[in-house]
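Me: Please go through this chain by question and answer, with the cut-offs stated.

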Amino acid sequence: GLYRPVWAEISLGNGEEIQALAFVSDRLHPHYEKDNLTATVASSIASARGDIGTNADYVWKLQATLGALGIRDDYVSELALALHESPCNNKLHQRGASL
(Lines give C-alpha, C1' and ligand atoms only; values in the text may rest on other atoms or scores of the structure.)
Protein backbone atom coordinates (compact mmCIF):
# COMPACT_ATOMS: atom_id res chain seq x y z
CA GLY A 1 0.00 0.00 0.00
CA LEU A 2 2.99 2.34 0.15
CA TYR A 3 3.11 2.80 -3.63
CA ARG A 4 0.29 4.04 -5.84
CA PRO A 5 0.36 3.16 -9.56
CA VAL A 6 -0.24 6.24 -11.72
CA TRP A 7 -0.07 6.92 -15.45
CA ALA A 8 2.39 9.70 -16.22
CA GLU A 9 3.51 11.43 -19.38
CA ILE A 10 7.26 11.16 -19.80
CA SER A 11 9.71 12.48 -22.35
CA LEU A 12 12.14 10.06 -23.98
CA GLY A 13 15.69 10.99 -24.90
CA ASN A 14 14.63 11.53 -28.51
CA GLY A 15 11.97 14.04 -27.48
CA GLU A 16 9.04 11.66 -27.94
CA GLU A 17 6.40 11.84 -25.19
CA ILE A 18 4.69 8.65 -24.04
CA GLN A 19 2.44 7.41 -21.24
CA ALA A 20 4.19 5.22 -18.66
CA LEU A 21 3.10 3.44 -15.53
CA ALA A 22 4.91 4.86 -12.50
CA PHE A 23 4.71 3.87 -8.85
CA VAL A 24 4.57 6.86 -6.56
CA SER A 25 5.11 6.80 -2.80
CA ASP A 26 2.14 7.74 -0.67
CA ARG A 27 3.66 10.28 1.71
CA LEU A 28 0.83 9.71 4.19
CA HIS A 29 1.47 5.96 4.43
CA PRO A 30 2.91 4.92 7.84
CA HIS A 31 5.87 3.18 6.13
CA TYR A 32 6.85 6.21 4.07
CA GLU A 33 10.44 7.26 4.88
CA LYS A 34 11.20 10.97 4.51
CA ASP A 35 14.94 10.42 4.90
CA ASN A 36 16.20 9.29 1.49
CA LEU A 37 19.88 9.02 2.44
CA THR A 38 21.36 5.83 1.02
CA ALA A 39 22.25 4.39 4.44
CA THR A 40 18.73 4.93 5.79
CA VAL A 41 16.98 3.51 2.75
CA ALA A 42 19.39 0.56 2.38
CA SER A 43 18.73 -0.38 6.00
CA SER A 44 14.98 -0.51 5.35
CA ILE A 45 15.44 -2.36 2.05
CA ALA A 46 17.65 -4.98 3.71
CA SER A 47 14.79 -6.05 5.97
CA ALA A 48 11.89 -5.65 3.52
CA ARG A 49 10.21 -8.57 1.82
CA GLY A 50 7.01 -8.94 -0.15
CA ASP A 51 5.00 -11.82 -1.57
CA ILE A 52 7.32 -12.22 -4.57
CA GLY A 53 10.72 -11.67 -2.99
CA THR A 54 13.03 -9.39 -1.10
CA ASN A 55 13.29 -5.67 -1.69
CA ALA A 56 17.07 -6.11 -2.00
CA ASP A 57 16.61 -8.55 -4.90
CA TYR A 58 14.34 -5.99 -6.56
CA VAL A 59 17.04 -3.31 -6.30
CA TRP A 60 19.71 -5.64 -7.69
CA LYS A 61 17.47 -6.71 -10.59
CA LEU A 62 16.52 -3.09 -11.27
CA GLN A 63 20.18 -2.08 -11.44
CA ALA A 64 20.97 -4.98 -13.80
CA THR A 65 18.02 -4.21 -16.06
CA LEU A 66 18.84 -0.52 -16.23
CA GLY A 67 22.46 -1.39 -17.03
CA ALA A 68 21.38 -3.77 -19.80
CA LEU A 69 19.38 -0.91 -21.31
CA GLY A 70 22.36 1.45 -21.06
CA ILE A 71 20.73 3.50 -18.30
CA ARG A 72 22.70 4.58 -15.25
CA ASP A 73 20.84 5.68 -12.13
CA ASP A 74 23.36 6.79 -9.52
CA TYR A 75 20.91 6.45 -6.62
CA VAL A 76 19.96 2.87 -7.58
CA SER A 77 23.67 2.05 -7.97
CA GLU A 78 24.45 3.48 -4.52
CA LEU A 79 21.62 1.44 -2.97
CA ALA A 80 22.74 -1.75 -4.72
CA LEU A 81 26.31 -1.25 -3.53
CA ALA A 82 25.19 -0.52 0.04
CA LEU A 83 23.10 -3.71 0.01
CA HIS A 84 26.01 -5.79 -1.30
CA GLU A 85 28.20 -4.39 1.49
CA SER A 86 25.52 -4.97 4.12
CA PRO A 87 26.44 -7.35 6.97
CA CYS A 88 23.26 -9.30 6.23
CA ASN A 89 24.07 -9.71 2.52
CA ASN A 90 24.28 -13.53 2.75
CA LYS A 91 20.92 -13.69 4.50
CA LEU A 92 19.39 -11.50 1.77
CA HIS A 93 20.60 -13.87 -0.95
CA GLN A 94 19.45 -16.93 0.98
CA ARG A 95 15.94 -15.53 1.40
CA GLY A 96 15.77 -14.48 -2.25
CA ALA A 97 17.01 -17.87 -3.47
CA SER A 98 13.96 -19.58 -1.99
CA LEU A 99 11.59 -17.82 -4.37
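The questions below go from the overall fold to single residues.

Reply: This is a predicted model, in which local features need pLDDT of at least 70, side-chain atom pairs count only at pLDDT 80 or more, and totals for chains, interfaces and linings use all residues. Residues are numbered from 1 along each chain as its sequence is written, and side-chain values use heavy atoms, with hydrogens and water left out.

Me: In what pattern do the helices and strands follow each other along the sequence?
Reply: Helices (H or I, at least four residues) and strands (E, at least two) are DSSP runs, numbered from the N terminus. The chain has 4 helices and 4 strands. Read along the sequence, the pattern is β-β-α-β-β-α-α-α.

Me: Which residue of β2 is the bridge partner of W7?
Reply: Strands β1 (residues 3-11) and β2 (residues 17-25) run antiparallel and are joined by 9 bridges; two strands pair if DSSP finds at least two bridges between them. The two form a hairpin with 5 residues between them, and G15 in the turn has a positive phi of about 95°. Within β2, the bridge partner of W7 is L21.

Me: What percentage of the residues in the chain is buried?
Reply: Buried means under 20% relative accessible area, exposed over 50%, and partly exposed in between (1.4 Å probe, protein chains only). Of the 99 residues in the chain, the buried ones make up 23%.

Me: Which element gives the most residues to the largest nonpolar core?
Reply: A nonpolar core is a set of buried Ala, Val, Leu, Ile, Met, Phe, Trp, Tyr and Cys residues joined through side-chain atoms within 4.5 Å. The largest has 10 residues in all, including V41, A56, W60 and L83. The elements that give two or more residues to this core are α1 (38-47), α2 and α3. The one that gives the most, with 4 residues, is α1.

Me: Within what arc do the buried residues of α3 fall?
Reply: The buried residues of helix α3 (residues 74-84) are V76, S77, L79, A80 and L83. They line one face of the helix, because their directions from the helix axis to the C-beta atoms fall within an arc of 165°.

Me: Which backbone nitrogen does a side-chain oxygen of D73 reach at the start of α3?
Reply: A polar contact is a pair of N or O atoms within 3.5 Å; within protein, one must be able to donate a hydrogen and the other to accept it, and residues adjacent in sequence count only if both atoms are side-chain atoms. At the start of α3, the oxygen of D73 comes to within 3.0 Å of the backbone nitrogen of Y75.

Me: Which residues does L66 touch, not counting those up to four places away in sequence?
Reply: L66 lies in helix α2 (residues 55-68) and is buried, with a relative accessible area of 17%. Its C-alpha is separated by 9.4 Å from that of V76, 10 residues apart along the chain. With contact meaning heavy atoms within 4.5 Å, L66 touches I71, D73 and V76.

Me: Which side chains meet in the salt bridge?
Reply: A salt bridge is a side-chain nitrogen of Lys or Arg within 4 Å of a carboxyl oxygen of Asp or Glu, and a search of the whole structure finds 1. One partner is partly exposed at 46% relative accessibility, and the other is exposed, with a relative accessible area of 65%. At 2.9 Å, N to O, the side chains that meet are those of D74 and R72.
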